[in-house]
Amino acid sequence: MTTRSETQTTLDHLLTEIEHRNPAQPEFHQAAHEVLETLAPVVAARPEYAEPGLIERLVEPERQVIFRVPWQDDQGRVRVNRGFRVEFNSALGPYKGGLRFHPSVDLGVIKFLGFEQIFKNALTGLGIGGGKGGSDFDPHGRSDAEVMRFCQSFMTELYRHIGEHTDVPAGDIGVGGREIGYLFGQYRRITNRWESGVLTGKGQGWGGSLIRPEATGYGNVLFAAAMMRERGEDLEGQTAVVSGSGNVAIYTIEKLTALGANAVTCSDSSGYVVDEKGIDLDLLKQIKEVERGRVDAYAERRGASARFVPGGRVWEVPADLALPSATQNELDENDAATLIRNGVKAVSEGANMPTTPEAVHLLQQAGVAFGPGKAANAGGVAVSALEMAQNHARTSWTAARVEEELADIMTSIHTTCHETAERYDAPGDYVTGANIAGFERVADAMLAQGVI
Ligand code: NDP
């Protein structure tokens, strides 16, 4: 039998090979490291996983599509962006994962997100594979008409690659209900099909699921609550810092408040707001969802309890809980040290890979409960899969039913991660638990389906 350290050496060789074969994709390298550095115990224990080629296939996307997206701005000038869809792994079901519109998007970013998505989707226990897509298009400051023309052009290529049984995109950074509407409209027009299961995150009058907008944020708070229960505490009376002010952040704050915690921050790329009375969600939603404004407007309108800190990071505000909900690598080693100094008890990732590897290490060493995004933010994709189920059955469930299913799924993900970590001698290590449990499910399906 191969030992753990021999297995780790093999995995380290593979990581070097991944870096060599995928140059200039640092986020993808980071995501691959984060998973492969935790798999040695399970690969050493179960010889079938050491089969040559299994992990090599897992780190290579099944298909990668890159395309030109030309569109006209309101002045009639032609703009050209780049579109991506990476169909990473379909061993468990149709590729499933969001679309991100942000100027930082490139192939490496989409591959990191797609790779994470494989394990996240496996953890939900539902029949969905992993994929991700997007564009370097920046929707900030664009009119509705410009966003519509961009989405229509994007879908004019994307439609060939997606379908309810093939690949089902959803939203992510820069892609919310408005964009999904324009994308769905163009898909319907080109294909002449009412295929509601082709996209999730749709509007509620035309195939969307109740609780889908809330699902990622609500799910993350439920995951954080489960981690706190393991420590003999609940969320009541805890102070929380949340970064971001988009879909995930807003519904994270909403659920924290509902469970008795005090969420005192939100942020965007201009800086952060701290509000000692707790974030006023009606005001935040008005500014972000209706006016599409910046967070400094919140501080201006809220009065004495709130202040705006330009360019600052929410992690400097003392708190019991931290829920990063903006973007990758937004919480680094220095931030982790500050959080620990201020007595943080749990960090739960609403965003994908928001915590750098050094920061994760520091938090875990300090005994802080750490919930990795692929487990903690899986509620969004889980409710997307429930949206697909409703579309397939041509029915729609009540909000109460969807929320109950979401709560059951988050509890089950927490239990799976917790038990798997214990089984592999890493008690309390949710990173190891999530990676191994997700890996086992995908690897078993891949082995059963042969070398494809
Ligand atoms: P939104 O576009 O709704 O909001 C993103 C928020 O993060 C905005 O406040 C934005 O500020 C901020 N932000 C984005 N990029 C940066 C950056 N480079 N620097 C500083 N701030 C930034 O996106 P979501 O809320 O949907 O997504 C947030 C995170 O959650 C992402 O990591 C996403 O992958 C992850 N996620 C989302 C899911 C979903 O269901 N939507 C599901 C699972 C994970 P600004 O407007 O100034 O850019």
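Here is a short walk through the domains of this protein, the interface between two of them, and a few residues further along the chain.

The model is a predicted one, in which local features need pLDDT of at least 70, side-chain atom pairs count only at pLDDT 80 or more, and totals for chains, interfaces and linings use all residues. Residues are numbered from 1 along each chain as its sequence is written, and side-chain values use heavy atoms, with hydrogens and water left out.

Let's begin with the layout. The domain assignment gives domain 1 (4-59), domain 2 (63-194) and domain 3 (215-376); such bounds come from an automatic or database domain assignment. Between domain 2 and domain 3, the C-alpha centres are 27 Å apart.

Now look at where these two domains meet. Contact (heavy atoms within 4.5 Å) links 13 residues of domain 2 with 10 residues of domain 3. Together the two domains bury about 980 Å², with carbon and sulfur atoms giving 49% of that area; buried area here is the accessible area (1.4 Å probe) that two parts lose on being put together, summed over both. On the domain 2 side, Phe112, Glu116 and Lys120 lose the most area to domain 3, and together they make up 46% of what that side buries.

Glu116 has a second role in this picture: its side chain meets that of Lys374 in a salt bridge, 3.4 Å from N to O. The rule for a salt bridge asks for a side-chain nitrogen of Lys or Arg within 4 Å of a carboxyl oxygen of Asp or Glu, and it finds one across this interface. There are also three residue pairs in polar contact between domain 2 and domain 3, both residues being at pLDDT 80 or more. A polar contact is a pair of N or O atoms within 3.5 Å; within protein, one must be able to donate a hydrogen and the other to accept it, and residues adjacent in sequence count only if both atoms are side-chain atoms.

Which helix gives the largest share of the side of domain 2 that touches domain 3? That is helix H5 (residues 107-123), with seven residues. Helices are DSSP runs (H or I, at least four residues), numbered from the N terminus.

Finally, follow the chain to Thr398, in the loop between helix H15 (379-392) and helix H16 (399-423). The side chain of Thr398 reaches the backbone nitrogen of Arg401 at 3.1 Å. Thr398 and Ile211 are 187 residues apart along the chain, yet their C-alpha atoms are separated by 9.1 Å.

Notes: Helices (H or I, at least four residues) and strands (E, at least two) are DSSP runs, numbered from the N terminus.
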